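Welcome, and please open the model in your viewer. We will go from selection to selection, with a short note at each stop.

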Amino acid sequence: MTNFSERLMQPNFGSVGYESLFRNMSNGFDLQRVEDRLSKSIEVSDNRIIVVDLKMTPADKTGTVSINMTFKLDNYSEFFDISMLIEE
């Protein structure tokens, strides 16, 4: 869970994991901000990936989050979809 600018030689490398860890998602948690930072993290960590769409949805009050991402690889015309459920 490296934050942005923690690596001196790679200041654009990092993620939003630490700042989002143990946050209560029902009290005004800003999913849009996390979506934007996660999308940026993915594209910066591997410049072959182009994130087309990334949506995070709280599935219930237990802290479960559904993540759906559509992306393509730089040299391919195909689109790929990934869905995952992150549980407490």
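**First stop: E43**

Select E43, which counts as partly exposed at 31% relative accessibility; the scale calls a residue buried under 20% relative accessible area, exposed over 50%, and partly exposed in between (1.4 Å probe, protein chains only). Before going on, note that this is a predicted model, in which local features need pLDDT of at least 70 and side-chain atom pairs count only at pLDDT 80 or more, while totals for chains, interfaces and linings use all residues. Residues are numbered from 1 along each chain as its sequence is written, and side-chain values use heavy atoms, with hydrogens and water left out.

E43 is found in helix α2. Which residues is E43 in contact with, leaving aside its neighbours within four places in sequence? They are I49, I50 and V51, where contact means heavy atoms within 4.5 Å. Now add F71 to the selection: its C-alpha atom is separated from that of E43 by 10.0 Å, and the two residues are 28 apart along the chain.

**Along helix α2**

Select residues 31-45, the 15 residues of helix α2. Helices (H or I, at least four residues) and strands (E, at least two) are DSSP runs, numbered from the N terminus. At 1.5 Å a residue, α2 should span 21 Å, and its end C-alpha atoms are 21 Å apart, which agrees; the expected span is 1.5 Å times one less than the number of residues.

Next, colour L31, V34, E35, S39, S41 and I42, which are buried in α2. Looking down the axis of α2, you will find its buried residues within an arc of 160°, so they line one face of the helix. That arc is taken from the directions from the helix axis to the C-beta atoms.

**Over to strand β1**

V51 lies in strand β1 and is buried, at 12% relative accessibility. Not counting residues up to four places away in sequence, V51 touches S39, I42, E43, M69, T70 and F71. From V51 to F79 the C-alpha distance is 9.7 Å, with their positions 28 residues apart in sequence.

Now pick V52, also placed in strand β1 (residues 49-58). V52 is partly exposed, with a relative accessible area of 47%. Show I50 and F79 with V52, and you have a nonpolar surface patch of about 270 Å². Patches are made of residues with over 30% relative accessible area and no salt bridge: like charges are joined within 9 Å, nonpolar side chains (Val, Leu, Ile, Met, Phe, Trp, Tyr) within 5 Å.

**A salt bridge**

Select D46 and R48, whose side chains meet in a salt bridge (2.6 Å, N to O). The term means a side-chain nitrogen of Lys or Arg within 4 Å of a carboxyl oxygen of Asp or Glu. R48 counts as exposed, at 51% relative accessibility. How many salt bridges does a search of the whole structure find? It finds one.

**Zoom out**

Finally, show the whole chain: two helices and three strands, running α-α-β-β-β from the N terminus on. Of its 88 residues, 26% count as buried. The chain exposes about 6500 Å², and carbon and sulfur atoms supply 51% of that area, computed by the Shrake-Rupley method with a 1.4 Å probe; for residues, only the protein chains shown count as cover.
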